[in-house]
Every structure is written in C-alpha cells, then in structure tokens.
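Reader: I have a structure open and some questions about it. Can we go through it piece by piece?

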Amino acid sequence: MSEIHLNKKEGSQLKLFTPGPVEVPDRILEELKKPNDTHRSTPYSDMHKLAKEGLQKLLYTKNDCFIFTSSATGVMEACIRNLVGKEEKALIISIGAFGDRWYDIGIKNGKEVVKEPIEWGNAATREIVKKALKRNQYSVVCLQANETSTGVYNPIYDIVPIIKDCGALVCIDATSSMAGVKLEVDKLNIDVCLASVQKCFALPPGLAVASISEAALEKSSQVENRGHYFDFQYFYKKSKVNQTPTTPPIPHIRALVAQLNYVLEQEGLENRFKRHTQLGKRTRMWARDIGMKMFSQEGFESNTVSTMENTLNLDFNKMVSQILEKGYRIVNGYGSLANKTFRIGHMGEITLKDLEEMLKVLTDIISDLRLEKMG
Ligand SMILES: Cc1ncc(COP(=O)(O)O)c(C=O)c1O
C-alpha cells in the first residue's frame, strides 16, 4: 500500500478536508468486506429496496430512486440523454466548473443546450433565472445545488419554483451537498436530484444515486437515442423488482444502506444538516479572523466546501503540501481558480472538533508563510 494514505508521523489515516472523496469511517469499511449474494437474488433485492427507501427519506420524496454504477458525471449525462428530445432546448445555469461540465455534456451529445453563464463566485438568483427563462422555451433546466469549484450554494428554494412555472423539467446536481444539506425533492417538484456518494455520504467513490420523478420517466419514454447503460426506462423496469439493469457493486450498496441507516436512525437528518451548517460557519469565521476573503458571494456560501480568495498573497501549493506533512489534505482552487483560491472541504463525518484541530494547524502554517514572505 502506498504511503500516500498515511500520516507518517502518527501512522494514522490522512485526514481529508477535501470536497470529495472524503474519509470513510471504519464501520463502512467493515460493511464492504461482508460476503455477497448475486444481484438477481432475493437478499440483494431486499437490500436494494432498503437503499431506495433510505434515499427517499433522505430526499423527502416518494419518487423512485435509482442507483448507478458510475460517478455523478454519468448521471449528469443520463439526464441530458434521457430528457432532452430532438428539436428541444435545455438551459444550463452555470455558476462554475460543474455547471460548465453539464453544458459540455450537452454539446458532446449533440443536444441543443444554452448556457446561462454566471460570474464565478456568484449564485443564480431569482432575477438571473427569470431573465434566462424569458429568452427561450426550454424543456429541461439543469443546475447545481452546491457548486464545488466556487463554494457557492444556489438558492434552490427560490429558483426551482420559477423554473417549474415555465413547464420545464428540472435536474439538480446535488453531488457535493446531498446527505449534508437539506433538499426536499417533492416540495420543490424536482425531476432529477443526483449525487455521487464520495462526498457528504462519506462512502468510497464508484456509486451515484438519483431520485427520478414520474414526469421525467414519462419524458424519457418519448426521447430517442437514450443510449443503453444509463437508459432511465431500463433502470425503471429493473427498479420495480429492486434491481439494477447491470451488475452493481454489491458491497458498495450494502455500505450505502448502512450509511443511510446511520444518517437516518443514529445521527438524525436534522442533526446532520445542522453539523454541516456549523462546519461552514466555523470555517468562514476562521477565514474572516485570519484576514481571508471568501470567494463565494455573501449569503450564498456553501456549508460543505469553503473557497477562500488569496487575499494574503500566499503560495497555496506550499501551504497545501505543508499541511499534508502534518496529516491533513486540503486542496488548491479548482482548475483556473488554482492559486487564486483554495478550498477546505467540510463534509461527510467531519466534526467541529476535527475542523478546529485542522484549522489550528493551518493557522500556524499560514503565520509561518507570512513571516517567510516578510523576509
Ligand atoms: C457539483 C459536482 N458535480 C459533479 C461532480 C462530478 O462528480 P463525479 O466525479 O462523481 O462524477 C462533482 C465532483 O466534484 C461536483 O462537485
């Protein structure tokens, strides 16, 4: 095993303050090594049903929930392929790198997609969305709940009703907030709400989940060339018997069931959401105290990942590698935001105490870097 996963000094696991993948608790690693039955067996179907029921509770929905052997990007592509018909237009409301990814997926699949680009760091406000919707008739609108590149959380409760009033299907990429931030699918009538599980779920990467509305299922039945692997109709048929179309990662689904059970029955949904809110607030407090400006628009800051601007003119690569030596991984800015910003992920099972400990170490590193610069 590579030493990369070890804190050399303590000999313990590296603490991942990253926006995914995040640290996976031992109890989940234990679940992964339990024996399998086949994916067409009754025990598997029983387990699959529990996963779906848990997801429905997590997402406050009666909609069917699908489980995909892929990361979130696969499900983003599935939305485009299943829901955007010939001669229809989809609107992509992009507030960062993952919004742009949705647009690229549309283009690469030969769909007519229109991007509403919003300056990075800002959120999609009611006014912006209203204006964008007036420009065209859209059959589908795709956007992020939490934009991981900029650390912005969109005002979903404000903007989804406006989109629904226009008659479009709405797909929400909740990859870096699902199981960390409350999102009530049925209350908002969200058609697809998707995420991969290596972020707030605190599971290993390789699995994605989504709730799918009846309207989305009906629409997909009319769309041609949906492909095979991600065909919602195929998933729906198999979901009725609590199975997946192709062989799923069975131990991973067992881990999902265990984690959903933990979230719902042990920590409690409201407690989990509150913990993430506190983690976000505490990180912003630290940033303000140390003299760092948030990159995210005030009032729309993410509670699962914080993106800070380089107001102290620090060498972020050096900062990231120095804290790694101490056993913590934080990350530089995403893509073009590298060195202009850096990010602290505070999602999954991280506690306020864990965060405090890491921030103390980071504060010392930053002080040293500032001293060094002064010569
Ligand atoms: C908001 C958002 N959407 C989509 C993705 C892509 O997820 P995956 O790597 O699981 O495909 C990410 C990954 O960081 C993300 O943060």
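Author: Yes. This is a predicted model. Its chain is divided into domain 1, covering 3–24 + 269–374, and domain 2, covering 27–265.

Reader: What separates the centres of domain 1 and domain 2?

Author: The two centres, taken over C-alpha atoms, are 27 Å apart.

Reader: And how many residues of each are in contact?

Author: On the domain 1 side 27 residues are in contact with domain 2, where 40 residues take part. Between them the domains bury about 2,600 Å², and 61% of that is on carbon and sulfur atoms.

Reader: Which residues in domain 1 lose the most area to domain 2?

Author: Val 24, Leu 269 and Phe 300 do, and together they make up 24% of what the domain 1 side buries.

Reader: How many salt bridges are there across that interface?

Author: Two are found between domain 1 and domain 2. There are also 18 residue pairs in polar contact between the two domains, counting pairs with both residues at pLDDT 80 or more.

Reader: Which elements of domain 1 give two or more residues to that side?

Author: Helix 11 (269–290) and strand 13 (305–309) do. Helix 11 provides the largest share, five residues. By class, the side of domain 1 that touches domain 2 has 12 nonpolar, nine polar and six charged residues.

Reader: What about Lys 182, which residue does it form a salt bridge with?

Author: Lys 182 pairs with Glu 270, and their closest N and O atoms are 2.9 Å apart.

Reader: Changing topic. How many residues surround the ligand, and which are closest?

Author: The ligand is surrounded by 15 residues, with Ser 71, Thr 73, Thr 148, Asp 173 and Lys 199 the closest.

Reader: Where do the polar atoms of Ser 71 and Lys 199 sit relative to it?

Author: In Ser 71, a side-chain N or O atom is 2.5 Å from an oxygen atom of the ligand. For Lys 199, a polar side-chain atom lies 2.7 Å from a ligand oxygen.

Reader: Ala 72: what does that contribute?

Author: A backbone N or O atom of Ala 72 lies 2.9 Å from an oxygen atom of the ligand.

Reader: Back to charges. How many salt bridges in the whole structure?

Author: The search finds 23. One of these joins Glu 224 and Lys 86, with the closest N and O atoms 3.8 Å apart.

Reader: Where do Glu 224 and Lys 86 lie?

Author: Glu 224 is in the loop between helix 8 (214–222) and helix 9 (232–239), and Lys 86 is in the loop between helix 3 (72–83) and strand 5 (89–94), so this pair ties together parts that are 138 residues apart in sequence.

Reader: Last topic, the backbone. Which peptide bond is cis?

Author: The bond from Gly 20 to Pro 21 is cis, with omega near -10°. Pro 21 lies in the loop between strand 3 (15–16) and helix 1 (26–32).

Reader: And what is phi at Asn 189?

Author: Near 60°, a positive value in a residue other than glycine. Most residues other than glycine have a negative phi. Asn 189 is placed in the loop between helix 7 (185–188) and strand 11 (192–196).

Note on methods
Residues are numbered from 1 along each chain as its sequence is written. This is a predicted model: local features need pLDDT of at least 70, side-chain atom pairs count only at pLDDT 80 or more; totals for chains, interfaces and linings use all residues. Side-chain values use heavy atoms; hydrogens and water are left out. Domain bounds come from an automatic or database domain assignment. Contact means heavy atoms within 4.5 Å. Buried area is the accessible area (1.4 Å probe) that two parts lose on being put together, summed over both. A salt bridge is a side-chain nitrogen of Lys or Arg within 4 Å of a carboxyl oxygen of Asp or Glu. A polar contact is a pair of N or O atoms within 3.5 Å; within protein, one must be able to donate a hydrogen and the other to accept it, and residues adjacent in sequence count only if both atoms are side-chain atoms. Helices (H or I, at least four residues) and strands (E, at least two) are DSSP runs, numbered from the N terminus. Ala, Val, Leu, Ile, Met, Phe, Trp, Tyr, Cys and Pro count as nonpolar, Asp, Glu, Lys and Arg as charged, and the others, Gly among them, as polar. A residue is near a molecule or strand if one of its heavy atoms lies within 4 Å of it.
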